[in-house]
Each structure stands twice: as structure tokens, then as C-alpha cells.
Number of protein chains: 2
Amino acid sequence: MQIAIVLYDHFTALDAVGPYETLGRLPGADTVFVAERTGPVRADTDNLALSADRTLADVPSPDVVVVPGGPGQRTQMDNPVLLDWLRAADATTTWTTSVCTGSLLLGAAGLLRGRRATSHWLALDHLGTLGAEPTGERVVTDGKYVTAAGVSAGIDMGLTLLGRIAGDERAQAVQLLIEYDPQPPYDAGSPQKAPAHLVAELRGAGRAR
Amino acid sequence: MQIAIVLYDHFTALDAVGPYETLGRLPGADTVFVAERTGPVRADTDNLALSADRTLADVPSPDVVVVPGGPGQRTQMDNPVLLDWLRAADATTTWTTSVCTGSLLLGAAGLLRGRRATSHWLALDHLGTLGAEPTGERVVTDGKYVTAAGVSAGIDMGLTLLGRIAGDERAQAVQLLIEYDPQPPYDAGSPQKAPAHLVAELRGAGRAR
């Protein structure tokens, strides 16, 4: 089973590394980071680059596609190379997945029409304009399409999909291996739970971009 | 404020990316990935490389050091270049931190003697042999030394330290930005919670390595 994780300039690193560190531990799977060109791809902070080992063209028919989000997603929304690759790959995938605003790219490729899907909480309205039916859930499965909420939700998505593919025990073993027993020091991880003024501040920053 | 995240062959990617995606969003901070040599450094699965943008020698006195863990830590336990750099950097850091078996490297450098500290649950006994006082907690702060449990605990550590440095509001804003409202599909993230036979299986695999 081949798992392709897509990189593009100014993606959010944890969006890609969460599924990699969970779903990527599927026994026997070949996980490959792909981008338009091979070599280092800068994440959104510019302080980190992940290597793309293969080009999109090198990996035409992966079994699983993972599309991360991040500020760079906006530039990719009309990139025909990426969108054409997503459509072509999706024709033969077993699972087509995204984290955060990666779902906007799946939507722009026309893959989420009429599908329940999720995204970063700041992007749910946008997702709706692309033909999807946005939900506020953390991980949404509709047919072979699995979408995750913002950034860190890719860890929950990766474990969920790993369980579907390899069984609950394998997913639990990976959860134990990566000691995923979350104990956040605050309870501010969603717009329903965070202080209202912080939610308003991030909404304002989102509009300004 | 300069934050140095250390890379070495066969580190675990999420150990490094968790603190980067949280603590690294400290306003005004310069986060830099460092290694003995610049260029791509392969993570433990061999399917992913992160770029080291600077050498250890380029970054002699960071304010914060983050040491990830991973299978490659074993090879680094007697690497004088890394251990000497850790000791020298620690002489002027404000915070010296680790994730997972990164604490074994801090211990090997002699930095945790008599300190309460944590590590991956499979490595707590080893940590004790290096002069530290191991605890089973997820994030342990003893003076300027902040250690996190296995892999994913670096996210909790990063938010905890971000709160200490920049205040609770800034840490909560980052938690909201990365939508860190964890909803694992299983409750198997610690040896106390996981099925006993999976704990035994991983203990056996750990001894075999």
C-alpha cells in the first residue's frame, strides 16, 4: 500500500507529520512525501523544510492521498498541476484524505461535491462554497473521503484511518508507541472552548490575510 | 529569543515538530533546526527528512534547546560533538528541554543529575541510570529543565513552555490556531490505559532493539 503525503510551499508542518507518524506506521506501507519538484519544501513559518522525495508525476496512483493545509493552500487553489494530479490520483485511491485547509484543495479539485467534510474552523464557510457539506466534527468520513479539522486533528485522523485499514489493535499499538495520551495545559483548542476574544482575534487575522 | 531544535539521524519527526508548531510560534522567536551538518536529516522511518538549516557550531548559545528522541538517540549517546554542544549551550540557556528519549541525551550530557524528569514510558528506567529522578508525568519542569514523555507529548510541552514564556493567552491562542482539541479514537495512549498485551508486545520489541 502506497501512501502519498503532498507538500507545497507554506504548508503547515504538523498537518503532514501527524498522519505520517500514525497512518504512516501501517505495517508494510510505503509512505512517500511528494511535491511538484523534489527537494526541500518550506513550511509556513519558513523555519522548517521537509523533503519531497518524489515528484507528483513519479507517484501517479497511490492507494492513499493525504493533503495537508496551511497558508500556502491559497496559492495552490488554482494550480492546475496539483489539482489535475489530485483528480487523477483520486480516480484509483482507496482513501483520499486531508487535514486542515487541505480539504479546500480537495474541494477545488471537485472531489467533495455533496460530501460531508471538515476543515480548519476558520475555513468551514469557504469549504461550503466548494460544494461540500461542512461539519464541525474533528474527523469526518464520507465514503472514501476522510477529512480532519485544523492542524493537530491529523493525528486523530491518522489513527482513525489506521484502525479502519489495519484494525483497532494496530491503531492502539501506534497510539501507545507515540504515547498519545493528550494532556493539553489549557482547554482552548476549539472556538467553542477558547476565550471569545481570542476567537475574534483569529477571525480578524484570517480576514486580513 | 533563539530556539534551537536539534536533529540527528533517525530522530522521531513528531518529537521535533510538536514543539516547533507550538513553542516555535512564540512571537519574535527565531526557531532554527540544527544538526552536526546542514541539509536533510532522515527521521526514524527513512520516509521523511527535515532540513537542518544551521550546524550545531553555528548556533552556540540558543536561549531554548529542544532535543527530540527516536531510535537514533542510541547512536548519539556517546557522540562527543552533540554532548559537548549540549553542555556548552546549556550553560547559557534559559530553558533546556527534551521530548521522548531526548531526555536520555540530556542525561548522558550530565544535565539531569538529581533532577525530576520524564521520557518515553519505555525509557524511564534507563533515564534513572543517568542520575535523573524519573516520573511518569507527561511534562516535567525542574528549574529550567522541561522534559516531555513520548513523541506526541512534545505538543503539550511546547504549549506549557509557551505559556510560561509568553503568558497563558498567547499559549491559548496557539492552541486554538492549531485546533488542539484532541479526540483520539482510542484510549490507549499510555501503558496504564492500553491493553496489557500491547504493552507487553512493545516492551518486548524495545528489549529486542
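This report describes the symmetry, the interface and the salt bridges of a predicted model with chains A and B.

## Basis of the values

The model is predicted, so that local features need pLDDT of at least 70 and side-chain atom pairs count only at pLDDT 80 or more, whereas totals for chains, interfaces and linings use all residues. Residues are numbered from 1 along each chain as its sequence is written, chains are lettered from A in the order in which they are written, and side-chain values use heavy atoms, with hydrogens and water left out.

## Relation of the two chains

A turn of 180° with a shift of 0.0 Å along the axis lays chain B on chain A with an RMSD of 0.0 Å, where copies are superposed by least squares on the C-alpha atoms of residues with pLDDT of at least 70 in both. This is the relation of a two-fold axis. Among the residues of chain B, B:Leu50 comes closest to the rotation axis, its C-alpha lying at 2.3 Å. The same surface serves both copies, in that 100% of the contact residues of chain B recur in chain A, contact meaning heavy atoms within 4.5 Å.

## The interface

Chain B and chain A each bring 64 residues to the contact. The area buried between them is about 5800 Å², of which carbon and sulfur atoms give 56%; buried area is the accessible area (1.4 Å probe) that two parts lose on being put together, summed over both. Of the area that chain B buries against chain A, B:Leu176, B:Glu179 and B:Tyr186 supply 14%, more than any other three residues.

Between chain B and chain A there are eight salt bridges, a salt bridge being a side-chain nitrogen of Lys or Arg within 4 Å of a carboxyl oxygen of Asp or Glu. In one salt bridge the side chains of B:Arg170 and A:Glu201 meet at 3.3 Å, N to O. The elements that give two or more residues to the side of chain B that touches chain A include helix H1 (13-22), helix H6 (153-166), helix H7 (168-177) and helix H8 (196-208) of chain B, helices being DSSP runs (H or I) of at least four residues and strands DSSP runs (E) of at least two, numbered from the N terminus. H7(B) gives the most to this side, with nine residues. The residues of this side divide into 32 nonpolar, 17 polar and 15 charged, where Ala, Val, Leu, Ile, Met, Phe, Trp, Tyr, Cys and Pro count as nonpolar, Asp, Glu, Lys and Arg as charged, and the others, Gly among them, as polar.

## Salt bridges

Over all chains the structure holds 20 salt bridges. A network of salt bridges links A:Glu21, A:Arg25 and B:Asp44. In chain B, the side chains of B:Glu21 and B:Arg25 meet in a salt bridge at 2.6 Å, N to O; B:Glu21 is buried, with a relative accessible area of 0%, while B:Arg25 is partly exposed at 22% (buried means under 20% relative accessible area, exposed over 50%, partly exposed in between, with a 1.4 Å probe and protein chains only).

B:Asp84 forms a salt bridge with B:Arg87, with the closest N and O atoms 2.8 Å apart, and both residues lie in helix H3 (residues 80-90) of chain B, three residues apart, about one turn of the helix. The side chains of B:Glu137 and B:Arg116 meet in a further salt bridge at 2.4 Å, N to O. B:Glu137 lies in the loop between strand S9 (133-134) and strand S10 (139-142) of chain B, and B:Arg116 in strand S8 (residues 116-117) of chain B, so the pair ties together parts that are 21 residues apart in sequence.
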